Amino acid sequence: MIAISRRSFLLGGAATLAAPLYVGRVYAADVDVVVIGAGAAGVSASRELRRRGLTVTTIEADGRIGGRVHTDYEIFGAPYDVGAHWLHFGEENPFLEYGQNNGFDMYRAPDEEVFYVGNRLISEDEGRELEKARRKALSAISKAGRKGRDIAPADVVPDLGDWALTVNLYEGAYEIAKDFDHFSCADWYTAEDGTDWYCREGFGALFAHSARDVPVTLNTAASKVRWGDQGVEVLTDNGTIRARAVVVTVSTGVLASGDIEFDPPLPVKKQEAISVLTMGHYIHVALQLKDNFFGVGEDGYFAFKSTEALNGAPMGFGALVDAGGHGITYCDLGGEFARQLSEEGSGGMYDYVLEELKKTFGSSVESAVLNSSTFDWTASPFTYGSYASAEPGGAWSRAELRRPEAGRIWFAGEALSENDWATVAGAHKSGLAAAAEISGTL
Ligand SMILES: Cc1cc2nc3c(=O)[nH]c(=O)nc-3n(C[C@H](O)[C@H](O)[C@H](O)COP(=O)(O)OP(=O)(O)OC[C@H]3O[C@@H](n4cnc5c(N)ncnc54)[C@H](O)[C@@H]3O)c2cc1C
């Protein structure tokens, strides 16, 4: 668990209080609003600000839009969602309706799932034990969350015996991208749930289609935001943009990295919020296989019993087989184990997955691999992780990050969503909310 020293924040804060607010010369603003980042939040904020009559420049550090929702067609010659793939909570997900109205093949995620213990299928008795252990864990976390207890699941989940690592992996690392000691029950409890959907052409392709109307300046990274009551200046590697306000939509991983400097520094409370809203780790090791060994068909899921830990982190992965019928299997690593493996690079992650598959399905798996790809979101300087959640003791942080600074700086993105966090839809809605507030203020 990260020990957050309030004292170190207060010391950091002394500099903040002493720093003069940027007033600069009173420049004519180039535009009303600069939007930093063109993922789901940046694109929706940008579009909504324009719709409300404001002038906007949207900059993106990468050479493409989408951020964490991106479909690659090159690697496998078929759609491969490098980041987000599930349209969560279809009932409230605006991208489902968009896809249905724009000729995409949208379908409900099937429930088909198999579970392995070593190299055999789970027995009925074991299945019942696993289900019991899962329910015990979820009920303990829900109970604590309902009462607003801002503590780690590790502090409330009872001993789950032989199934402890597995439940930690599937309810922690897979759902939240963190293990049971790194998120807050109170924060976890705010997430809504509903039916999951897929887009056969790829969620990233659907998102990119929906974003065609939004102009974005690519390959332009913000390095500094000067701000004060006169407005903002955003320094980029392609020059400086002056505006009346800025919407910062980068991940909390990027915010915490210091890659974007704020001058003067953000207030202490904001810095503290960023530092407790930490990024989890979730990475697809994608395999294109000529055979399906896994005992489930298209869009089925298989998982294993976890029996080992690496420095306390449960080891294992789960896999979505033959996603969308395109022959690509997403083997997903999550949590602290994924972070540790990411230090070994993409090769280390691939080797681990392949060895585990060989143990269960035999050595012929290796020769069946036609192609593979692993994008390391943890190492990416555009994200530094997969998605954010509050550390124990940090459940207040999302609301703090939603508060603008001096009527000039707004934040938006998945991490700021009230009950859709860690999702594309949540990021999109957060961008809309920031845009509405800005247009009201300006
Ligand atoms: C592996 C993985 C699987 C996921 N699975 C799902 C899923 O199935 N379903 C789901 O709904 N969600 C999923 N998510 C989460 C989802 O992708 C994110 O919640 C969402 O896309 C975040 O959008 P955003 O706009 O908040 O941030 P981002 O997408 O990160 O957008 C921020 C943008 O800012 C850019 N940027 C960074 N630094 C700078 C800078 N200095 N200057 C300018 N631009 C900068 C980045 O390049 C990026 O494009 C997954 C994420 C990952 C990583």
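# Helix α7, the ligand shell and the domain arrangement

The elements that cover the buried residues of helix α7 include α2, β3 (71–72), β4, α3, β8 (197–199) and α14. The model described here is predicted. The domain assignment of the protein gives domain 1 (6–66 + 211–278 + 387–441) and domain 2 (110–194 + 282–374). Both domains contribute residues to the shell around the ligand, so the ligand lies between them.

**Helix α7**

- Helix α7 spans residues 203–210 and is mostly covered, with six of its eight residues buried.
- Those buried residues are F203, G204, A205, L206, F207 and S210.
- Among the elements covering them are α2 and α14, and each of these two helices also supplies at least two residues of the shell around the ligand.

**Ligand surroundings**

- The ligand is surrounded by 42 residues, of which the closest are G37, G39, G67, G413 and E414.
- At least two residues of this shell come from each of α2 (40–51), β14 (282–289) and α14 (424–441).
- By class, the shell comprises 23 nonpolar, 14 polar and five charged residues.
- The position of the ligand between the domains follows from the shell, because domain 1 and domain 2 both give residues to it.

**Domain arrangement**

- Taken over C-alpha atoms, the centres of domain 1 and domain 2 are separated by 33 Å.
- Twelve residues from domain 1 and 14 residues from domain 2 take part in the contact between them.
- On the side of domain 1 that touches domain 2, five residues are nonpolar, four are polar and three are charged.

**Strands β9, β10 and β11**

- Strand β9 (residues 222–228) runs antiparallel to strand β10 (residues 231–236), and six bridges join the two.
- Within this pairing, V225 of β9 stands opposite V234 in β10.
- The connection from β9 to β10 is a hairpin through two residues.
- Strand β10 also pairs with strand β11 (residues 239–248), in the antiparallel sense and over five bridges.
- E233 has R242 in β11 as its bridge partner.
- A hairpin is likewise formed by β10 and β11, with two residues between the strands.

**Loop residues V82 and F375**

- V82 is located in the loop between β4 (80–81) and α3 (94–101); both of these flanking elements are among those that cover the buried residues of α7.
- V82 has 22 C-beta neighbours inside 10 Å and therefore counts as buried, the cut-off being 20 or more.
- The C-alpha atom of V82 is separated by 7.2 Å from that of V69, a residue 13 positions away along the chain.
- Leaving aside residues up to four places away in sequence, V82 touches H70, D72 and F375.
- F375, one of these contacts of V82, is found in the loop between β20 (369–374) and β21 (388–390).
- With 17 other C-beta atoms within 10 Å, F375 is classed as partly exposed, because this count falls between the limits of 12 or fewer for exposed and 20 or more for buried.
- F375 and Y350 are 25 residues apart in sequence, and their C-alpha atoms are 11 Å apart in space.

How values were computed
Residues numbered from 1 in each chain as written. Predicted model: local features only at pLDDT ≥ 70, side-chain atom pairs only at ≥ 80, totals over all residues. Near = placed C-beta within 6 Å. Helix = DSSP H or I, 4+ residues; strand = E, 2+ residues; numbered from the N terminus. Nonpolar A, V, L, I, M, F, W, Y, C, P; charged D, E, K, R; others polar. Domains from an automatic or database assignment. Pairing = 2+ DSSP bridges. Contact = placed C-beta atoms within 7 Å.
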